[in-house]
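Biologist: I've got a protein model open and I'd like to get to know it piece by piece. Could you walk me through some spots on it?

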Amino acid sequence: MGSAGHEGNAALAAALRPTDPALLHYRSGAFYCVRAAQAAGLRFDTEAQLPAGEATPSGSTDPAGSPGAAASAGLAGAVGADPGDAAIDRAAVGGGAPPDGATSDAEVDRVAPTPAPDGEAAASADKDPASASPVASAPPAVAASAAPAPLAGAGPVTETVSGRDDEAGPGTRMGSVRRPVIPAYAEAARDVLRGMVASTQEPIAGGRHKIFGRVDLAVVPTTSTVASHLPRAVGMGLAVERLRRLDARRPPIRPDAAVPPAPWAPDAIVVCSFGDASINHASATAAFNTAGWYDHTGLRIPVLFVCEDNGLGVSVRSPQGWVATALRSKPGIRYFAADGADLVGAYQAAVEAAAWVRRHRRPAVLHMSTVRLMGHVGADAESAYRSAEELAADLAADPVVATARRLVDAGLASGAELLDRYDEIGWQVRRIAEQVLDEPKLTSPAEVIAPLAPRRPARVARAVADAGARAAGADAAARVEAFGGKPPELAGPLTLAQSINAALTDGLLDHPLLAVFGEDVAAKGGVYGVTKGLRERFGPARVFDTLLDETSILGLGLGAGLAGMLPVPEIQYLAYLHGAEDQLRGEAASIGFFSQGALRNPMVVRVPGLAYQEGFGGHFQNENSVAVLRDVPGLVIAVPARPDDAAAMLRTCLASATVDGSVCVFLEPIGLYHTRDLYHDGDGEWLAGYLEPGAWASGHVPVGRARVYGVGSAEELTIVTFGNGVRMSLRAASRLAAEGIGCRVVDLRWLAPLPVADLIREAAATGRVLVVDETRRSGGVGEGVIAALADAGYVGAVRRVAAVDSFVPLGPAARQVLVSEEAITQGARTLLAR
Ligand SMILES: Cc1ncc(C[n+]2csc(CCOP(=O)(O)OP(=O)(O)O)c2C)c(N)n1
């Protein structure tokens, strides 16, 4: 996407610290270049230019005596500042609303936060967050004088720089001089151009996408799905604050856990930019709402949203005044405005907004008006939907021309000099483009998917064993206390729900940065009691209720994971995951792919689901579709059927997330949560003891390994199933055994990656496979199982019993569409009769 017209976002970058994590709009070329230059040593004195009362405690004051003067020094190095040009918004330009709609401090303070339910508000109110850790002291205001360290590969690019003696660094003088283009700018341009040609040298995606991202610049790559990065930004803001308060950033979770320490400074703010049309997207409204909701409860979320408003979403106009109206009225989010064509004014507004967020640790939005030059994308013939007058008006508001005009008006350069400079840089960029054209591309499937989902099963197994050793050793006393004096291995046989509860407790004990959150998980302990007692044991900072929005729950997990935490969010029912699924697919699962493994989203999403709840709900509490998850590359899907498997598989998921950064969906069959019996009332065969920690290593269940039950001779038939199907199949197999038909029942346990080796071995053992699939016939798990058999060259008989392609109806009618024991025995007999 072109950045032309959006160059005002350079001012935003200059107003931030290069270590503030940034999730950028796709028109952020200027931001990216400035940040690269900052990181290489070029200084823009943001802390120095705060308006009175906004200086961070340890920030310096403005040596030039006025924000405007400092802003001009910092930004252009030579531009005369006009404080009167401070932020204006589009509506004001258009003659609508008055300029600068930012609410005053007094107004903001009037909506003082109510105490947080978990008591954190009081703590945060007492303590000035910015004073909790030192703010990097601001350097004196100087112009673009720092000599940045040349980056590898920087060519001998030159530019003409204008400077004043008192502001510019050594070697500059009044008027223009020629000197090398700052290498970091050239390298930033090279990064972007490499993305465009899918070069493997591109610094973040390595040829997998053209996106802005670089780990050393704290630029987190975003996807092409507009607004999908906003929920993550909110989660990052929450995590930055939470980690600061937990004071648990160092040492990392475990020295042996290969988890890097939290990557952001404790007083960092998160910046997140997007276009004007994107503010209408459900993901954006979810993020604004979540930031505001938490602010209302008193929790701090230091996020600066930045709306780059060019008035259009491809060809669709934002209605006049809508963006300002919508952004001004977001509860709990302070509004700032800027004119992106006025670099000095935009810089001042961005400095003010960033300082406000950093100081108050609260969310704000900077509404930056821009123009869009040269269409939406290269192939967009915008003359088809925009008038010649409108296009001319945008051209007249080109921020590059406006900046040149300022330089000329201030006597710092002539128009001819600036044109020369423009042309020179253009040629240099063209030269870099030619250099990167022939760089290597990804040439094999293995190369493409290398960073997708690393799996190191031996290390995961070791992590489980180590956790067991700690629980049995150093942490033993704390563990007994956490379990109220009676650890679960001494509590007798447990149900599936109890077993998950105990494993979560052990996880919380072992991982100081593990957090359990979701709707109703804390005070109530979950709809089915699975998280009961966890908040009491571990406190509200680690086990907390969220607002009712699945997109935001996953967004919190995304941000927390990126910040080094181990998030364990709960989506209350499988049916409600579907509305938020993009956060898993597009964001969580893709970040390793698009960052060559440099960034990761460790996460274990607990999802109660599947059908067979006796007497409860209808479709939405009995949703049985996992098709939408099965094709997400790299996603781990665990479905424990029995209590002993549930605990072991949860430990595996936590270890896999910690060691490999895996994104795991832990799908819990609600229908089995409280099941105690298998064959007869009171037999207690669906209960299981909890392994004492010393046995966790030997009881480890690796990702992608099935469990096999032999019934009777186990010679005639292989039943392949999972979840509720395991219990039904075991019951059916027992009836078949009475008829002399021996079955082996294979519990897949993992729907992704499928336990293909176990599957093939068990299928070959009998030559007859009955797939018992409680998900729907179309798109259900059975399709994958049969395809795996075919791919492996299995030539025996196969038959499938699956749910009807229907939503699950209420009450007894559900039996009409779901798989039953009767259908399983019938299917087996038919298969054997062939
Ligand atoms: C969720 C989603 N829907 C549709 C698109 C296709 N699309 C790409 S950019 C765009 C317009 C976005 O407009 P805006 O947010 O104003 O940003 P701008 O391009 O104007 O800077 C659309 C519809 C997309 N990328 N993501």
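Biologist: Where is P753 found?
Modeller: Keep in mind that this is a predicted model, so everything here is computed. P753 is joined to A752 by a cis peptide bond, with omega at about -10 degrees. As for its place, P753 sits in the loop between β20 (750–752) and α26 (756–766).

Biologist: Which strands, in what order, form the open sheet of five?
Modeller: Start at the edges, where a strand pairs on one side only: those are β17 (707–711) and β22 (797–803). The pairing in this sheet is mixed, and the order of the strands is β17-β19-β18-β21-β22.

Biologist: And what does the twist of that sheet average from one strand to the next?
Modeller: Think of the five strands in their order β17-β19-β18-β21-β22. Going from one strand to the next, the twist averages 20 degrees.

Biologist: Which residue in β19 does L717 stand opposite?
Modeller: Strand β18 covers residues 717–721 and β19 covers 743–747. The two run parallel and are joined by five bridges. In this pairing, the residue across from L717 is C743.

Biologist: How far apart in space are E739 and G712, C-alpha to C-alpha?
Modeller: E739 is in the loop between α25 (724–738) and β19. With 42% relative accessibility, E739 counts as partly exposed, because that class lies between 20% and 50%. Along the sequence E739 and G712 are 27 residues apart, while their C-alpha atoms are separated by 9.9 Å.

Biologist: Is strand β16 largely enclosed or open, and why?
Modeller: Look at both faces of β16: V663, V665, L667 and P669 on one side are buried, and so are C664, F666 and E668 on the other. In a regular strand, side chains alternate between the two faces of the sheet. Because seven of the seven residues of β16 (663–669) are buried, the strand is largely enclosed by the rest of the structure.

Biologist: How many bridges pair β14 with β16?
Modeller: Strand β14 spans residues 603–609 and pairs with β16 in the parallel sense. One spot to find on screen is M603, which stands opposite V663 in β16. The number of bridges between β14 and β16 is seven.

Biologist: Which residue of β16 does A638 stand opposite?
Modeller: Strand β15 (residues 636–638) runs parallel to β16, with three bridges joining them. Across from A638, in β16, you'll find F666.

Biologist: Let's go to the ligand. Which residues come nearest to it?
Modeller: By class, the shell around the ligand has five nonpolar, ten polar and two charged residues. Of the 17 residues around the ligand, the nearest are H25, Y26, S224, S278 and L312.

Biologist: How far is an N or O atom in the side chain of S278 from an oxygen atom of the ligand?
Modeller: Let's step through a few contacts. A polar side-chain atom of D276 lies 3.1 Å from a ligand oxygen, and a backbone N or O atom of A277 lies 2.8 Å from a ligand oxygen. For the side chain of S278, the distance is 2.5 Å.

Biologist: What percentage of the ligand's exposed area does the protein bury?
Modeller: Imagine the ligand on its own first: it exposes 590 Å². Put it back with the protein, and the part of that area that gets buried is 73%.

Biologist: Is R361 buried or exposed?
Modeller: R361 is in the loop between α12 (343–360) and β10 (364–369). Its phi is near 55 degrees, a positive value in a residue other than glycine. Its relative accessibility is 0%, and buried means under 20%, so R361 counts as buried.

Biologist: What is the relative accessible area of D520?
Modeller: D520 also lies in a loop, between β11 (514–518) and α20 (534–538). D520 has a positive phi of about 65 degrees, although it is not a glycine. D520 is partly exposed, and its relative accessible area is 33%.

Biologist: Last one: what is the length of the polar contact between the side chains of R406 and D342?
Modeller: R406 lies in helix α14 (residues 399–409). R406 is buried, with a relative accessible area of 19%. The polar contact joining its side chain to that of D342 is 3.3 Å.

How values were computed. Residues are numbered from 1 along each chain as its sequence is written. This is a predicted model: local features need pLDDT of at least 70, side-chain atom pairs count only at pLDDT 80 or more; totals for chains, interfaces and linings use all residues. Side-chain values use heavy atoms; hydrogens and water are left out. A residue is near a molecule or strand if one of its heavy atoms lies within 4 Å of it. A polar contact is a pair of N or O atoms within 3.5 Å; within protein, one must be able to donate a hydrogen and the other to accept it, and residues adjacent in sequence count only if both atoms are side-chain atoms. Accessible areas come from the Shrake-Rupley method with a 1.4 Å probe; for residues, only the protein chains shown count as cover. Ala, Val, Leu, Ile, Met, Phe, Trp, Tyr, Cys and Pro count as nonpolar, Asp, Glu, Lys and Arg as charged, and the others, Gly among them, as polar. Two strands pair if DSSP finds at least two bridges between them. Helices (H or I, at least four residues) and strands (E, at least two) are DSSP runs, numbered from the N terminus. Axes are lines fitted to C-alpha atoms, for helices over the stretch in contact, and angles run from 0 to 180 degrees between N-to-C directions. Buried means under 20% relative accessible area, exposed over 50%, partly exposed in between (1.4 Å probe, protein chains only).
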